Structure formats: structure tokens, C-alpha cells
Amino acid sequence: MTLQPLLDRIEHQARHYFGQGRVADYIPALAQVPAARFGMAICTTEGELYRCGDADEPFSIQSISKAFTLAMAQQRYGDELWRRVGKEPSGNAFNSLVQLEFEQGIPRNPFINAGALVVVDALYSRLSAPVHAVLEAMRLRAGNGVIRIDHKVADSEYEHRFRNAAMANLMKSFGNFHNEVDEVLRAYFSYCALSMSCVDLARAFGFLANGGRCVMTGEAWLPRLQTQQLNALLFTSGLYDAAGDFAYRVGMPAKSGVGGGIVAVVPGRFSVCVWSPELNSYGNSVAGIWALEELSRALDLRLF
Ligand code: DON
């Protein structure tokens, strides 16, 4: 079955949502991104690709990187990782600090910033060249050797690092942060600043739809059980304090980023990435969420 006519219709209708959100403006490098953009790409487990709109235009992947670094940490630590980070939805904003002290420096889940920082800290302890290793792993999974880190974005994040630095330092005071805070922040910001298109991301996260097997290389990249566990966490926490609404409306495991991208998965069938930079008050793409809801409705994709 071809998905192209459906994608073309969604692209056409998604443009009606332009003007209903706000482009991330917490750093100048993101505030400059043109608002009126929409792209979507689907990569099936057979490796077929469907795309529409601005699907080939690179954007800042931001928190979508957290799902990738989590997979890399799962590979290296297995269940041991869950001593340092929880598996529960936080019900708070992705950059909130309030729970962290009450819960003795153990972040609620690996997708809020505190949790992602612990995951990157863990990864940092096991990789000899942490930035290069993640970049290369991403290039391989996406089948695109020219994916790059936008250093302007990474540097700008670092200049505005104070809230993330506060979380990392608080976790260090509880013994849950092992490396130099500044070094880990630099690595974390480099991952967030990866510049990738919808096509790149749909391909790179194909392993989530494919039982852990990379769609581009055929390699068994993440064990099946860990892939299922990662999808479960994406379902409950991938969209932060809007995860419940997203599950209700769309019903897929997904990860959003403040660059306006969302990666979502239909296990056994396909991975999809949608991008539109205007965000709602939870930091999730307005047109992106609508497009995934429409895709889910049209193909009757809900799990339940
Ligand atoms: O840590 C930050 O603030 C950003 N680099 C990532 C934030 C983000 O994408 C949150 N997701 N919606």
C-alpha cells in the first residue's frame, strides 16, 4: 500500500496550523528558524521511504537525541542503568528542577533534562570519544555520512546552560553524577545540536519499529527486549507532561524536541518523523502533533 497520497494530503492540511504556536526562542540560534515549515517522512521496516514537504531540510533535533543516547546507554549498562534514573512520567515540564531534590537526585525518567543528563553522564564514562561516537552511530543508523553537529546551536545552548548545570550539580551532590559537569553538558548540547532531516530521523529510529534491527544496515543494534522497553518509556514519557494527551490523540511511542521535530513509532510497521518549528506551551510541535494524529486516524494505528 502506498502512503504517498495520505502524506501529501496531510502536508497540505498541516499548513492551516501555521501561526498557532511559537518557535523556540530560549537561544538565538533556534529563534532564527523560519516558522512556516512542515515536513514528514516514513521509513517502513522493509526500508521503503515516503516523504512530503520539507522532509529533506535539516533541523535541530534537540531532545529527540535523548532516545538515541538512551539506547546507547541501555546497550552498555542494561538494567543497571535504572538505579540512576526512574521509569515514571514526571508530570512536570522537561526542564523542571522541583522533583529532583525531593527524590534524592534520581530523575523521574530518562527524557526530562535531568534524566537525559544522567544518561549522557553514564555514556560519557564508557566512551573514549563521546561526541564523535554518538555522531558516528547516528550517521550509520541514518545511512547519511554527512550529518553534522551545528556548533552555533551547541555553543548557544552552553552559554544558556544554567538550569541544566543546576540539575547536574544537584545530582552530583547526591552522588548521581560521575563526570565533570561542564564536559557532560558540552556532550549533551552537541547531541541536541545534531542537524538532521525528517528522512534522516525516520531512518535512524527505524530500529524502534524493527525489533532493534537497524533498517539501513540490517544489523541487530539493540536487543529486542530493550527496544520494547525503550518504546514503553517513549509512550509514557516521550512527550513529557503532555504524554497522556499524546497517547490519547495519537497512541504511538514518540519523542519530541524543541526544534519542532517528533519521531514516532508503529512497532512492526514503520518509524515516522514530522517537523514543524512552531511549538505549543509544552514544547511540542503544533502541526506535528496534528499530523501524527491524522496519520494515526487515517491508518487506524492505535495500539488499543
Ligand atoms: O536541554 C535543553 O534545554 C535542550 N537542549 C533540549 C530541550 C528539548 O528539546 C526539550 N524537548 N521538547
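**Exercise 1. The ligand and its surroundings**

Task: Find out which residues come nearest to the ligand, out of the 13 around it.

Solution. Start with the ligand and look at what surrounds it. Of those 13 residues, the ones that come nearest are Gln62, Ser63, Asn113, Tyr188 and Val258. Keep in mind as you go that you're looking at a predicted model.

Next, check the polar atoms. The side chain of Ser63 has an N or O atom 2.6 Å from an oxygen atom of the ligand. Tyr188 also puts a polar side-chain atom 2.6 Å from a ligand oxygen. With Tyr240, the partner is a nitrogen atom of the ligand, and the distance to a polar side-chain atom is 3.1 Å. Now for the surface: on its own the ligand would expose 340 Å², and the protein buries 97% of that.

Last step: what kind of space is this? The ligand takes up the largest pocket.

**Exercise 2. A closer look at Gln62**

Task: Work out where Gln62 sits and whether it is buried or exposed.

Solution. First, place it in the chain: Gln62 belongs to the loop between β4 and α3. Then look at its accessibility. The relative accessible area of Gln62 is 3%, and the cut-off for buried is under 20%, so Gln62 is buried.

Now take the backbone. Gln62 has a positive phi, about 50°, even though it isn't a glycine. You'll find another residue like this at Asp300, which is not a glycine and has a positive phi of about 50°. Asp300 lies in the segment after α14 (286–299). Asp300 counts as exposed because its relative accessibility is 66%, with the cut-off for exposed being over 50%.

**Exercise 3. Ser256 and its contacts**

Task: Which side chain does the side chain of Ser256 make a polar contact with?

Solution. Begin with the location: Ser256 is part of strand β7, which covers residues 254–256. Its relative accessible area is 1%, so Ser256 is buried.

Now list what Ser256 touches, skipping neighbours within four places in sequence. Its contacts include Ser63 and Tyr240, and you've met both already: each has a polar side-chain atom close to the ligand, at 2.6 Å for Ser63 and 3.1 Å for Tyr240. Asn284 is also among the contacts of Ser256. That gives you the solution: the side chains of Ser256 and Asn284 make a polar contact at 2.7 Å.

**Exercise 4. Two residues of one helix**

Task: Arg141 and Glu136 are both found in helix α6. Decide for each one whether it is buried, partly exposed or exposed.

Solution. Take Arg141 first. Helix α6 spans residues 130–142. Arg141 has 2% relative accessibility, so it counts as buried. What is packed against it? Setting aside neighbours within four places in sequence, Arg141 is in contact with Phe68, Arg203, Ala204, Cys214, Met216, Thr217, Glu219 and Trp221. With Glu219 there is a polar contact between the side chains, at 2.5 Å.

Now Glu136. Its relative accessibility is 31%, so Glu136 counts as partly exposed. For a sense of distance, Glu136 and Arg148 are 12 residues apart in sequence and 9.7 Å apart in space, C-alpha to C-alpha.

**Exercise 5. Helix α7**

Task: Which residues of helix α7 are buried, and what caps its N-terminal end?

Solution. Go along the helix, residues 151–159: the buried ones are Val153, Ala154, Ser156, Glu157 and Tyr158. Then see what lies over them. The cover includes α2 (28–31), β4 (59–60) and α9 (181–192).

Finally, go to the N-terminal end. Asp150 is the cap here, with a side-chain oxygen 3.0 Å from the backbone nitrogen of Lys152.

**Exercise 6. Glu57 and its partner**

Task: Find the side chain with which Glu57 makes a polar contact.

Solution. Place the residue first: Glu57 is in the loop between β3 (49–53) and β4. At 28% relative accessibility, it counts as partly exposed.

Next, gather its contacts. Leaving out residues up to four places away in sequence, Glu57 touches Arg37, Met196, Ser197 and Trp275. One of these gives the solution: the side chain of Arg37 makes a polar contact with that of Glu57, at 3.2 Å.

Methods. Residues are numbered from 1 along each chain as its sequence is written. This is a predicted model: local features need pLDDT of at least 70, side-chain atom pairs count only at pLDDT 80 or more; totals for chains, interfaces and linings use all residues. Side-chain values use heavy atoms; hydrogens and water are left out. Helices (H or I, at least four residues) and strands (E, at least two) are DSSP runs, numbered from the N terminus. Buried means under 20% relative accessible area, exposed over 50%, partly exposed in between (1.4 Å probe, protein chains only). A polar contact is a pair of N or O atoms within 3.5 Å; within protein, one must be able to donate a hydrogen and the other to accept it, and residues adjacent in sequence count only if both atoms are side-chain atoms. Contact means heavy atoms within 4.5 Å. A residue is near a molecule or strand if one of its heavy atoms lies within 4 Å of it. Accessible areas come from the Shrake-Rupley method with a 1.4 Å probe; for residues, only the protein chains shown count as cover. On a 1 Å grid over the protein atoms alone, a cavity is a set of points where a 1.4 Å probe fits but cannot get out, and a pocket is an open set with protein on both sides within 12 Å along at least five of seven lines; lining residues have an atom within 4 Å of a point. A molecule sits in a cavity or pocket if more than half of its atoms lie within 2 Å of its grid points.
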